[in-house]
Amino acid sequence: MIELILRRLGGALLILFGVAAITFVLLYALPADPAVQLAGRSATAQTVANIRHELGLDQPLLVQFVHYLGNLVQGDFGRSYTQKTEVMTLIVARLPATLILMVTGILVEVVIGLTLGTIAALGRGGPVDRLVMMGSFIGVSAPQFVVALLLLYVFAATLQWFPMSGFGTVRHVVLPALTLGVLGAGWYARMVRSAMIDVLNQDYVRTARAKGVAERTVVLRHAIPNALLPIVAMIGIDIGQFMGGVVVVEAVYGWPGIGQLAWQAIQQVDIPIIMGVTLISSLAIVIGNLIADLVAPLIDPRIRAR
Amino acid sequence: MTHWLQRTALAGLMALTPLVALAEETPVKGATITVTYKDDIATLDPAIGYDWQNWSMIKSLFSRLMEYTPGTADLVPSLAESFEITPDGLTYTFKLRKGVKFSNGREVVASDVKYSIERAVNPKTQGPGAGFFGAIAGFDALSGGKADGLQGIETPDDHTVVFKLSRPDATFLHVLAINFSSVVPKEVVEAEGQDFGKKPVGSGAFVLKDWVIGQKLVFEKNPNFYVPDTPKIDGFTVEVGQEPLVALLRLQQGEVDIAGDGIPPAKFLEIKNGPDAADIIVDGEQLQTGYVALNTRVKPLDNVKVRQALNMAVNKERITRIVNGRATPANQPLPPLMPGYDKDFKGYAYDVAKAKALLAEAGFPNGFETALYASSTDPNPRIAQALQQDFAAIGVKAEIKALANANVIAAGGTEGEAPMIWSGGMAWIADFPDPSNFYGPILGCAGAVQGGWNWSWYCNKDLDARAIQADSMSDPAKKAERAKLWGSIFTDLMADAPWIPVFNERRVVAKSKRMGGPGNFYIDPTRVINYDAIYVKQ
């Protein structure tokens, strides 16, 4: 177990290095010069040259990269070009909001997805199944922006059950988490349904039923745990994705997550922030997958045996 | 017809409302307001901050030697009590107001002024505004890293600052009113380093009380501010990360007082035709001109007849409709608010037949192919398409290259790269209300360099000489004469047609019904939102 964790963390380091290198090269290959962007409209050529020099942008790419890595190893992500604040401070300030939305969003996804998926699988081919599948199809294809605005308009602006925007109380998180959860639940529902159908056709389920075990017990004790594996893997992926920020939902609900930070940084060619967010979300994807891999044997002893 | 009449009458009434309303309005004491923006606020360090969001906040956090009367372009002494200019225009002596304190309690003295301007010029600061101070003696040494200070700034005593210029600069008083001239306390700047922009200390109308990253900034009234009865509100909170559509919804429900990003195009007509339009929409002129830069060093645009023909090909009325009519067609580089604007100048009228004839005369009876660069942010690609259609009508096939701003700017600043650039979203809004600001960087020879903003690569030595002459007229008494000289420079250069001046865009801000004061407090020509002057009405 510990060996697995260490091995995976070692691999994570390699992945992060690769991500850093590729992002760095891509950013610096952009024709947009951050110094020009920063210097603004009224700067003289001398001013631009000065800014480029102060930021170290006049040095060869490799020197800049080694310099960046050197700082990174010491936990220094550098300072934002536009805000002049340390990138770490900016990211850490947005972590709580990101984590809260990640956890609540995934919770809603899983609860809805698991319930609907199971119901659909049990009534396979019937009207309920078709209804659920249609709903999940709408869910996975509906644009976040529209759904977010719709929920906001109905429940916040018109009914005023929830605040329209911001962060801080439980009521603030309901709509963003619902938007993410309802839309994401479609994936889970489809996944659970097919996994359940698979499991329900297994011999041991038939045996259980033949023994006269109550249907509820068959489903809850025998089928669901075995159908959970792909769900756990999906949660792992979602952890990574949500950590990188959910730009649209954050924007509509004024949610101070990492997505907005990343989106603005990209528009402003704020390289240190882009690098920082990319690295943090890559790390999250690695960790998310690692967690999924560690949880899997707990659910399915067959994996442990291997 | 009646409809039209009604609307005109309404517009007339709307234009009069500020005056009528002002007579009755009394500011509520102790009010605080909420302002929203989509993007985070960048640094509030006055030597670095340079965008339209932080500009007005920096204005209100710090004070400067000179200032403008709210809502106007009229310069008045501020941190300075009085000033004198020698007849040769090379020495400016300022007497500082006594007893002004930074928000940390220390008195503002002459050496703070010197330190602050030197800091804005110092390359280590990475400030974008260094070039504004180019006239101060010793500028080249400091900006080139060969000196630590500016020899041209002297402080004979705690309340006197003397500026020695290396050349006359009639815009110098304006320069002392821009944000980069804001006075900062050295000890705090040195203690905070690059974090000064997050924890600013100044002597302006407001102090920054709290900054929750990614969420909000809380500004509180500075009780010791030296301008009487200013500010009129006790504070304002800036909420960031707010989608403009949602901000507008919140504004209509009274949760938000100013939606800083204005009204999204999709909502504009609905709001405009709504019952509260007159109370909510503030629509004001700004010192802006949107133009097409025609590259005078790229064939066949190097031919003046081709450039003139392109000028005649553009239907500017139609383009203003793309921005919901929030713009007025332009015929010269200067916007109407700018001193020197020539209201009798006609420019090139829209005339497709004449344009075609001129193009044939230039040797292109069948037109030619070229490229039009534009910012990829809405509505600029749509405007570029309208331009493309207009050009096509005279046989000129322009391929649209809609790119991120930084890439367009890079192409414009590379010689021979971009034949035509639509300036929208990037240029040009004046930094201060003086015509010279519309010439040097964007039409003068100095801007026609690698990385420069003179995207026409237009360089007319004769006009440059006249510009220098105009900027040597430092005597405030010669203001009118100088404005006239500047005006003639801009109308004369239109004979060479390096630009197609397309429109002067107005700015739209949405405010809640309780907010008082005239529109130009919300779209102040030198501040955007003038937090010092706006108020909540009874």
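This is a short tour of a predicted model, going from chain B as a whole to a few of its residues, and then to chain A and the contact between the chains.

**Chain B, whole**

Start by selecting chain B and colouring it by secondary structure: 17 helices and 20 strands should show up. Turn it along its principal axes and the C-alpha trace spans about 70 × 60 × 40 Å. The radius of gyration is 24 Å, which agrees with the value near 24 Å for a compact globule of 538 residues. Of those 538 residues, 54% count as buried. If you draw the contacts between residues at least 6 apart in sequence, 70% of them join residues at least 24 apart.

**A covered helix in chain B**

Next, pick residues 304-313 of chain B, which form helix H10. How many of the 10 residues are buried? Eight are, so the helix is mostly covered. Show the buried ones as sticks: Val306(B), Arg307(B), Gln308(B), Ala309(B), Leu310(B), Asn311(B), Met312(B) and Ala313(B). Now bring up what lies over them, including strand S13 (290-294), helix H12 (352-361), helix H13 (380-392) and strand S18 (499-511) of chain B.

While you're there, step back to the loop between S13 and H10 of chain B, where Pro300(B) sits. Check the peptide bond from Lys299(B) to Pro300(B): it is cis, with omega near -5°.

**More backbone stops**

There is another cis bond to look at, from Ala427(B) to Trp428(B), with omega near 0°. Trp428(B) is in the loop between strand S17 (420-422) and helix H15 (440-443) of chain B.

Then select Trp457(B), in the loop between H15 and helix H16 (461-471) of chain B. Its phi is positive, about 50°, although Trp457(B) is not a glycine. Is Trp457(B) buried or exposed? It has 26 C-beta neighbours inside 10 Å, so it counts as buried.

Asn324(B) also has a positive phi, near 55°, in a residue other than glycine. Look for Asn324(B) in the loop between helix H11 (316-322) and strand S14 (327-329) of chain B. With 14 other C-beta atoms within 10 Å, Asn324(B) is partly exposed.

**Phe83(B)**

Go to strand S4 (residues 80-85) of chain B and pick out Phe83(B). This residue is partly exposed, with 16 other C-beta atoms within 10 Å. Leaving aside residues up to four places away in sequence, Phe83(B) touches Pro77(B), Tyr92(B), Thr93(B) and Phe94(B). For a sense of scale, run a distance from Phe83(B) to Pro441(B): the C-alpha atoms are 28 Å apart, and the two residues are 358 apart in sequence.

**Over to chain A**

Select residues 2-29 of chain A, helix H1. Its 28 residues reach 40 Å from first C-alpha to last, close to the 40 Å expected at 1.5 Å a residue. The number of buried residues in H1(A) is zero, so the helix lies largely in the open.

Now show helices H5 (87-122) and H8 (170-200) of chain A together. Their axes come within 5 Å and cross at roughly 40°, and the crossing is right-handed. The contact of H5(A) with H8(A) has 23 nonpolar, seven polar and two charged residues.

**Where the chains meet**

Last stop: select the contact between the chains, 41 residues from chain A and 44 residues from chain B. On the chain A side, elements giving two or more residues include H5 (87-122), H7 (144-158) and H3 (45-54). H3(A) gives the most, with seven residues. Colour that side by class and you get 21 nonpolar, 14 polar and six charged residues.

Methods
Residues numbered from 1 in each chain as written. Chains lettered and ligands numbered in written order. Predicted model: local features only at pLDDT ≥ 70, side-chain atom pairs only at ≥ 80, totals over all residues. Contact = placed C-beta atoms within 7 Å. Helix = DSSP H or I, 4+ residues; strand = E, 2+ residues; numbered from the N terminus. Nonpolar A, V, L, I, M, F, W, Y, C, P; charged D, E, K, R; others polar. Expected span 1.5 Å × (residues − 1). Buried ≥ 20, exposed ≤ 12 C-beta atoms within 10 Å, placed from the backbone. Rg over C-alpha atoms; globule rule 2.2 N^0.38 Å. Axes fitted to C-alpha atoms, helices over the stretch in contact; angles between N-to-C directions. Left-handed = near helix turned anticlockwise from the far one by under 90°.
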